[in-house]
Amino acid sequence: MYDYGFFSYESKEDMLERSRAFWNPDKTDFWQDAGIDLVIDRREGYLFWDMAGRRLIDLHLNGGTYNLGHRNPELIATLEQAMQHFDIGNHHFPALARTALAEALVKTASPNMRRVIYGSGGGEAIDIALKTARHTKQRRKIVSIIKSYHGHTGIAVGTGDERFSKLFLSDHPEEFVQVPFNDLNAMEDALRARDVAAVIMETIPATYGFPLPAPGYLQAVKRLCEEYDTLYIADEVQTGLMRTGEMWGISKAGVEPDIMVIGKGITGGMYPIACCVVSEECSAWLKEDGFGHISTGGGAELGCVVSLKVLEICGRPEVRSMVHYIAERFQQGLHQIQEIYPDWFVGIRQDGVVMGLEFNHPVGAKLVMKHLYAHGVWAIFSTLDPRILQFKPGILLGPELVDEILDRTEVAIGKAYAEARSGARAAVTA
Amino acid sequence: MSVIELSHREPPGAARAAMMLQRAHWAAELFARYDIERVRRIVDAVAAAGEAHAERYAEWAVEETGMGVVEHKVLKNVACSRELWDRYRDHDYVSPRILADDKVLELPRPAGVIFALTPTTNPIATVYFKVLLALMTRNAIVVSPHPGAKAVCADAVRVLSDAAVAAGAPDGCIQVVEEPSIPLIEALMTDQTTDVIVATGGNAVVRAAYRSGNPAIGVGPGNVPAFVDATADIAAAARAIVDSKSFDNSILCTNESAIIVEEEVAEQLIRELGRAGAHVCTPEEVERVREHLFPDHRMRLDLIGKSATVLAEEAGLTVPATTRVLVAPFSLVVPEEPLAREKLLPVLGLVRVPNTRAGISAAQAMLRATGAGHSASIHSTRAQTIMEYGAAVKVLRVTVNVGNSLGSAGVLTNLAPTMTIGTGFYGRSSLGENLEPRHLVNWTRVAYNADRSVPFDEFGGMQPWRLETVPTAASSAAPADPAPATPATDVLREEVRRLILEELKELTRQ
């Protein structure tokens, strides 16, 4: 009997059965088939426990949502105190916490940034960014990166893989152009007709396994945007909040975007909101018709208060220092593991604590993910490039837990290698 | 005024301060792999920075705390920066030691993160001292200054930290709690990331350090008897005592509390004390001193570290402007006698005793009241008396024919120079000596079979730790153009196209 007070389950099997029946049968089965029988129960810091009691270290962090750890005590205290006075607020009126957060965000962003528009989640914030770009440039076309992912909402889904848009008959190929990452010629070709509202890019594409931008690539894209009169939207959902060692990945790259989208980690998994920070040029509709985008939960004030705390924490000099130590230790440790398996563990993509581990097998990261899970670490493969394991440690880790992660990773990578080789032998024999 | 009442389950700043410990922990991990040359470069730079600011911080400390004497603080600041480093420059707490005869290899293991509490009385000297000791032993240190001296201490820690990092120390190895409070300090002392607490300060904070559950080096209060026996060089004793008692207006725990003098030489001593710059009070004046400076038998805290002339004015005494110490004779050493207790101001008790035995008893009585384990002083030319005195008084250091304030602190004696006096078991401390670098490092002993037929290995010239890189906060802003970890883009793209098809099949399980 698993009694959670608010609800209960007879057993883990009972829970999974009801998950299939009442929630999502395909997703439930997908993980069981992949050997990940995870139902997350208790959570604390960078750890969580499966229903069955197994302890796991979280290297997925829901894409950076738990950047500051699960149930960060400072954020819990902030939310509890905020609830003594605030609720989500009213989306029509000038709002205390929304305004305060907007001002704080603008101060952290590049100097051209002016205002913040709120959504309730990252997808909505991307929709806002794309709508804003279309209004600003009075054009429909959006350029994104092949294999990019910016969310599943109405407009955002068009920028990503057609797997998700076609499923719902929501693909509009005439409005959404996709070009390969790190390919400036393709980008220029897409922009040359001057009919594009915006280029949208993750600073380091997460779902694609964090391929790093080639030197000068992001800056060159920004120059092309200027040359062909289009807007640059930086999707900082996974690269913001000190994960690259700077508050915003795009600032570290030295690019001033026209619009910057922030989500996930900004509320630390406590009370979700997402933010779209815009330049003066992109603020036009906010002066023409401020009711142009309405979102009841967008910028919920409880979330805004938590976000202010997240920004304060991320801005501490201690955090900057630690991110560097953590990144350095991972870099050394991962390269040592790579020396053992040079033909299998073929690449390390890293910028700060944003990391992608590359394996020499079409679905190598899924094998490694499975063995990591068996050895107490939860890290997810890249949906759109399953050779790459997304390796996303938190920014407040201590050296002991980092060393433990490296120990477990070394064993899991070795076991995945053995399985891949035996699989290959089995295939040859067959 | 906030409309939301911000209640805190933990003291304000605790989360931030715990983060400082964590940062220090990272720094300590790296620092523990430094070799002796790197360490010496860093300590060199930090000692020089400390000395360069010795005067400025002496002035600032007196201004901020209202205690002490600038020129004496300058001396202490120099003693705890360049002079301290001169003393330990050739010591090595970093390299392995090979004891071939014992077949033991010794590897130094720093404590890790030191949480250091520094007092308001010796703010900068103690900060310098603890920071230098931490660096010599490759420890990270988080300094929590006394709130009464927090501004000057925070500034000093920043200066030392900048000098250390510029000389190659790990980022974050020296930090300061800028807004210390008692609940915050208690939270940090009990934090599991704190490896050792080095507490110099009041009794309350030292006891809290020991209660924390973390290893702690805390020191108790002093109450220094200065016994002048009939064989002493009286003029020299008087000069030494007045110099010592007036040093920094008597705010060191090593300053003499009371003179115990044999009757035979008492009048002579009193004359010599006067010549040396002390004012010896008449019985009426002693009553005024008691009434105004020790109301209800307690020392007035607002007068700590004030000069003798200020104290005289406060008590309504007329004394020469050159007066450095007020001497207040009293008759009996008993616990309720304030003149027989530690006084962090230049008022010196004086009690007469009929003979040596009674003098030793009086010193014992003073230390029964307070100050056990700390220091005592004797002025005598008779070795037997000196030895008996040393064996009788419950302290762990006895200075002979020298001012105790700089004698016990190792400046005028060959004791280890220190700002932290270990009071040992008598004084409820884990440390019985003057704190020195070796107390902040443990050694791993790699021991071979004692059997003579088993050989020992040759470790000469080998390095136990490898230091790949030295991260700093400045370098954490990695280059704006991260180097690509992927092969040429075109090859990658082909590969990607092929894989996309495979993975889509895989993911949609068609």
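**Figure 1. Helix α6 of chain A, residues 122–137, in the predicted model.** The helix has 16 residues. From its first C-alpha to its last, α6(A) reaches 22 Å, close to the 22 Å expected at 1.5 Å a residue. Of its 16 residues, 13 are buried, so the helix is largely enclosed by the rest of the structure. A:Gln138 follows α6(A) and has a positive phi, near 55°.

**Figure 2. Chain A as a whole.** Chain A contains 15 helices and 17 strands. Its radius of gyration is 22 Å, close to the 22 Å that the globule rule gives for 430 residues, so chain A is as compact as a globular protein of that length. Along the principal axes, the C-alpha atoms of chain A fill a box of roughly 65 × 55 × 45 Å. Buried residues make up 62% of the 430 residues of chain A. Among contacts in chain A with a separation of 6 or more, 72% are accounted for by residues 24 or more positions apart. The exposed area of chain A is about 16,600 Å², and carbon and sulfur atoms supply 54% of it. Chain A carries 43 positive and 56 negative charges, and the mean positions of these two sets are 1 Å apart.

**Figure 3. A:Gly333 in helix α13 of chain A.** Helix α13 of chain A spans residues 317–340 and includes A:Gly333. The relative accessible area of A:Gly333 is 9%; the cut-off for a buried residue is under 20%, so A:Gly333 is buried. A:Ile405 lies 72 residues from A:Gly333 along the chain, and the C-alpha atoms of the two residues are separated by 9.7 Å.

**Figure 4. A:Asp229 in a loop of chain A.** The loop that holds A:Asp229 runs between α9 (217–227) and β10 (231–235) of chain A. Phi of A:Asp229 is near 55°, a positive value in a residue other than glycine. With 33% relative accessibility, A:Asp229 counts as partly exposed.

**Figure 5. Chain B as a whole.** Chain B has 18 helices and 15 strands. Its C-alpha atoms fill a box of roughly 105 × 80 × 40 Å, taken along the principal axes. Of the 510 residues of chain B, 56% count as buried. Residues at least 24 apart in sequence are joined by 74% of the contacts in chain B between residues at least 6 apart. Chain B exposes about 21,800 Å², of which carbon and sulfur atoms supply 52%. There are 50 positive and 62 negative side chains in chain B, with the centres of the two sets lying 3 Å apart.

**Figure 6. B:His25 in helix α1 of chain B and its contacts.** Helix α1 of chain B covers residues 14–31 and contains B:His25. B:His25 is buried, with a relative accessible area of 13%. When neighbours within four places in sequence are left aside, the contacts of B:His25 are A:Pro399 and A:Glu400 in chain A, together with B:Val113 and B:Thr193 in chain B.

**Figure 7. Helix α4 of chain B and its cover.** Helix α4 of chain B spans residues 70–79, and 7 of its 10 residues are buried, so this helix is largely enclosed by the rest of the structure. The buried residues of α4(B) are B:His72, B:Lys73, B:Val74, B:Lys76, B:Asn77, B:Val78 and B:Ala79. The cover over these buried residues includes α2 (36–52), α3 (54–65), α5 (82–88), α6 (123–136) and α10 (234–246) of chain B.

**Figure 8. B:Thr118 in strand β3 of chain B.** Strand β3 of chain B comprises residues 113–118, and B:Thr118 has its place there. At 3% relative accessibility, B:Thr118 counts as buried. Apart from neighbours within four places in sequence, B:Thr118 is in contact with B:Thr126, B:Val127, B:Lys130, B:Val143, B:Ser144, B:Pro145, B:His146, B:Cys153 and B:Thr200. B:Glu468 is 350 residues from B:Thr118 in sequence and 34 Å from B:Thr118 in space, C-alpha to C-alpha.

**Figure 9. B:Asn249 in a loop of chain B.** B:Asn249 lies in the loop between α10 and β9 (256–262) of chain B. Its phi is near 50°, a positive value in a residue other than glycine. B:Asn249 counts as buried, at 9% relative accessibility.

Technical notes
Residues are numbered from 1 along each chain as its sequence is written. Chains are lettered from A and ligands numbered from 1 in the order in which they are written. This is a predicted model: local features need pLDDT of at least 70, side-chain atom pairs count only at pLDDT 80 or more; totals for chains, interfaces and linings use all residues. Side-chain values use heavy atoms; hydrogens and water are left out. Helices (H or I, at least four residues) and strands (E, at least two) are DSSP runs, numbered from the N terminus. The radius of gyration is taken over C-alpha atoms; the globule rule is 2.2 Å times the number of residues to the power 0.38. Buried means under 20% relative accessible area, exposed over 50%, partly exposed in between (1.4 Å probe, protein chains only). Contact means heavy atoms within 4.5 Å. Accessible areas come from the Shrake-Rupley method with a 1.4 Å probe; for residues, only the protein chains shown count as cover. Lys and Arg count as positive and Asp and Glu as negative; His and the chain ends are not counted. The place of a charge is taken as NZ of Lys, CZ of Arg, CG of Asp or CD of Glu. The expected span of a helix is 1.5 Å times one less than its number of residues.
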